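Reader: Could you take me through one part of this structure closely, the site around the ligand? I would like to know what surrounds the ligand and what lies beside that.

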Amino acid sequence: MRTPIVAGNWKMHKTIAEAVELTRDVRRGVMDVEGVQVVLCPPFTALAAVREAIGPAGIGLGAQNMHYEEQGAFTGEISPLMLAELCQYVILGHSERRQYFGETDEGVNKKARAALAHGLTPIICVGENLEQNRAGETAAFVGGQVRAAFEGISAEDAARIVVAYEPIWAIGTGVAAVPAEVNRIIGLSIRGALADMYGEAVAQSVRVQYGGSVKPDNVADFAVQSEIDGALVGGASLRADSFVAIVKASRPR
Ligand code: PGA
């Protein structure tokens, strides 16, 4: 049994004060929810304050990106060594990073290895764009992204990684993917690639989230799918009421 993981990717939103308020409201809302790992991913500037606001609650904390080096002359970057003091998770290879900041599969792989070496759990994002989807290239493309991201990572470490399948055309558009199709792609391309690389046991233990316009009113349709283990939530994670509703609907049944 894989524990579903619901992560809020706040992107470039929330001042420290706003982040603390949202965290308190989420904390209150998910207090009695069992069987779901909740993770909050605020901007770097709010990580310390959100950590404080989470306190002893069993809510995970994650960053949205990091550099793969421990330290050095990389102005504006944040290292795994620095994050390991603050949080447990790090989102890597989000499509916005790939699209606007030139991140490559190779870079994502370096970051994943560095995160694992520092005890951080990577949430590795993969997903096709609209053109690839329309051309029927989704399965091959996503499988390739998974292979590249996991290259050189041991089976033991691989089992700790969380993958987020986020079709780019579904992110922030209000048009979520079709749950049964997501289930098929995750089974075929993501668990399929992992089974080739590591065998079936690892492929079955990696948690795979769906992301892309997840809302309180559609999350249950994803949660019931056998291959989907929770959600990576952008827009709907910026308000406590919608995020808490998504967490509750993601409970295993
Ligand atoms: P969205 O974003 O929920 O706003 O579509 C998801 C994501 O980018 O992780």
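Author: What follows covers the ligand site, then the pockets, then the chain as a whole.

The model is predicted, so local features need pLDDT of at least 70 and side-chain atom pairs count only at pLDDT 80 or more, while totals for chains, interfaces and linings use all residues. Residues are numbered from 1 along each chain as its sequence is written, and side-chain values use heavy atoms, with hydrogens and water left out.

There are 13 residues around the ligand, and Lys11, His94, Glu166, Gly172 and Ser213 come nearest; a residue is near if one of its heavy atoms lies within 4 Å. By class, this shell has four nonpolar, seven polar and two charged residues. Here Ala, Val, Leu, Ile, Met, Phe, Trp, Tyr, Cys and Pro count as nonpolar, Asp, Glu, Lys and Arg as charged, and the others, Gly among them, as polar.

Oxygen atoms of the ligand have polar contacts, which are pairs of N or O atoms within 3.5 Å; within protein, one must be able to donate a hydrogen and the other to accept it, and residues adjacent in sequence count only if both atoms are side-chain atoms. A polar side-chain atom of His94 lies 2.7 Å from a ligand oxygen, and one of Glu166 lies 2.6 Å from a ligand oxygen. Gly235 contributes a backbone N or O atom, 2.8 Å from an oxygen of the ligand. The protein covers 97% of the 280 Å² of accessible area that the ligand has on its own (Shrake-Rupley method, 1.4 Å probe).

Lys11 also appears in the largest pocket, where Lys11, Met12, Gln64, Arg97 and Phe101 are the closest to the centre among 14 lining residues. A pocket is found on a 1 Å grid over the protein atoms alone, as an open set of points where a 1.4 Å probe fits, with protein on both sides within 12 Å along at least five of seven lines; lining residues have an atom within 4 Å of a point. The volume of this pocket is about 440 Å³, counted as the space filled by probe spheres set on the points, which are joined across faces, edges and corners. Its lining has six nonpolar, five polar and three charged residues.

Gln64 sits in the loop between strand E3 (60-63) and helix H3 (80-84). A polar atom of the Gln64 side chain lies 3.0 Å from the backbone oxygen of Lys11, and one lies 3.4 Å from the backbone oxygen of Pro42.

Along its principal axes, the C-alpha trace of the chain spans about 45 × 45 × 35 Å.

Terms used
Helices (H or I, at least four residues) and strands (E, at least two) are DSSP runs, numbered from the N terminus.
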